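Colleague: Hello! I am new to reading protein models. Could you walk me through one?

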Amino acid sequence: MAATLTNLFWSLKPPSAHEGFFKAPTATSLFPPTKKEVDGEECEYDCATCTIKYPAKFSIDVDEKLYGHVNGWATHLVVATGKTDWVRDVADEKGSIMEAVEKAEKPKNGKLMLSASNMPLPDNAHEAEDGSAPPSTVLLLPAFTLFDNITPSNVPELIRTYINNAPTNTTPLHTQAPPSASEPSIRSRPCPHNYLILLCSQKTRDARCGQSAPLLRRELERHLRPLGLYRDLHDERPGGVGIYFISHVGGHKFSANMMVYRRAGSAGAVDDGGAEKDQEVNIEASQCIWLARIRPEDCENIVRYTVLQGKVVKPEWQLRGGFDRGKRLVSW
């Protein structure tokens, strides 16, 4: 009976974007800002012990308003390529999954954001005789679902059967898992992590992205390891934080760009020391917090407050936008 209800839910046409949503919220009402009386004085200070620094000539736009200027999206597909840099437009990579997604029929449930990533290729992946991309893995958000054995040829089936019926950033938050893959060439499984941090690393679009992403990953790792939350690219233990490099997301003049996806049920799931509590975490992402102008000295507060608690330390300075499905709010 439960399986029947789940399949029924996923067969329903998702609501149109913004259905049931309110007028775009302010930067401080979409995600709660940190407060001295709750979070302590340290929330406003950068970590003085940070030894990782950007190059001296790392210059970004500090004047333009950030919040409310990102284009809305419904789903986000992150493609494993095993690389940290790509051709200028990843959809132009011949024979790639990204090219196939760009050429396929668009999803019926809203705009699909497409990102290439440094997620590793499967161990048995090898290039086909015709030079096309080897079978790979893709991550679908906000569903927090991984699909294995994806090739350019089965991308239309992926979109038609799974993405079209997946949750979007503007659908009500549910905890049911998406349907199991019935297409023999596609396998689905839940993403093991509770949180995801996506960092633009595409230096072919802007050198600052290629410089900042590795430095931020090192600093984030330094703060995540003591909490038992760090997961490297091959670590699929349940929970923790996955950190991936992705292709251009726009706004490289605001480098570094960082997208934080938080799974439903993760909010507030930390003990007094800041470590993650053991708890049952729901399947889908409830939030995406898109930040910019991130520097290494911001990483401690991002881990403590943004990743683990869904708060923003510098909303007027660093928040570009995002969504909260629990509140049914989006920034666009």
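Colleague: Which element gives the most to the lining of the largest pocket?

Modeller: Happy to help, and please keep in mind that this is a predicted model. To read a lining, look at which helices and strands its residues come from. Here strand E2 gives the most, with four residues. Helix H4 (97-103) and E2 (112-117) each supply at least two residues of that lining.

Colleague: What volume does the largest pocket have, and which residues are the closest to its centre?

Modeller: Its volume is about 570 Å³. Of the 30 residues that line the pocket, Lys111, Leu112, Met113, Leu114 and His248 are the closest to the centre.

Colleague: How do the lining residues divide into nonpolar, polar and charged?

Modeller: There are 13 nonpolar residues in the lining, along with nine polar and eight charged.

Colleague: Let us move to a single residue. Is Thr75 buried or exposed?

Modeller: A residue counts as buried when its relative accessible area is under 20%. Thr75 has a value of 0%, so Thr75 is buried. You will find Thr75 in strand E1, which covers residues 75-80.

Colleague: Which residues does Thr75 touch, leaving out those up to four places away in sequence?

Modeller: Among them are Lys111, Leu112 and Met113, three names you met close to the pocket centre. Thr75 also touches Asn109, Leu140, Leu141 and Pro142, as well as Ile163, Pro167 and Thr168.

Colleague: Which residues of helix H5 are buried, and what do they pack against?

Modeller: In H5 (residues 155-162), Val155, Glu157, Leu158, Ile159 and Tyr162 are buried. The buried residues of H5 pack against E1, H4, strand E3 (136-141) and strand E4 (145-150).

Technical notes: Residues are numbered from 1 along each chain as its sequence is written. This is a predicted model: local features need pLDDT of at least 70, side-chain atom pairs count only at pLDDT 80 or more; totals for chains, interfaces and linings use all residues. Side-chain values use heavy atoms; hydrogens and water are left out. On a 1 Å grid over the protein atoms alone, a cavity is a set of points where a 1.4 Å probe fits but cannot get out, and a pocket is an open set with protein on both sides within 12 Å along at least five of seven lines; lining residues have an atom within 4 Å of a point. Grid points are joined across faces, edges and corners, and a volume is the space filled by probe spheres set on the points. Ala, Val, Leu, Ile, Met, Phe, Trp, Tyr, Cys and Pro count as nonpolar, Asp, Glu, Lys and Arg as charged, and the others, Gly among them, as polar. Buried means under 20% relative accessible area, exposed over 50%, partly exposed in between (1.4 Å probe, protein chains only). Contact means heavy atoms within 4.5 Å.
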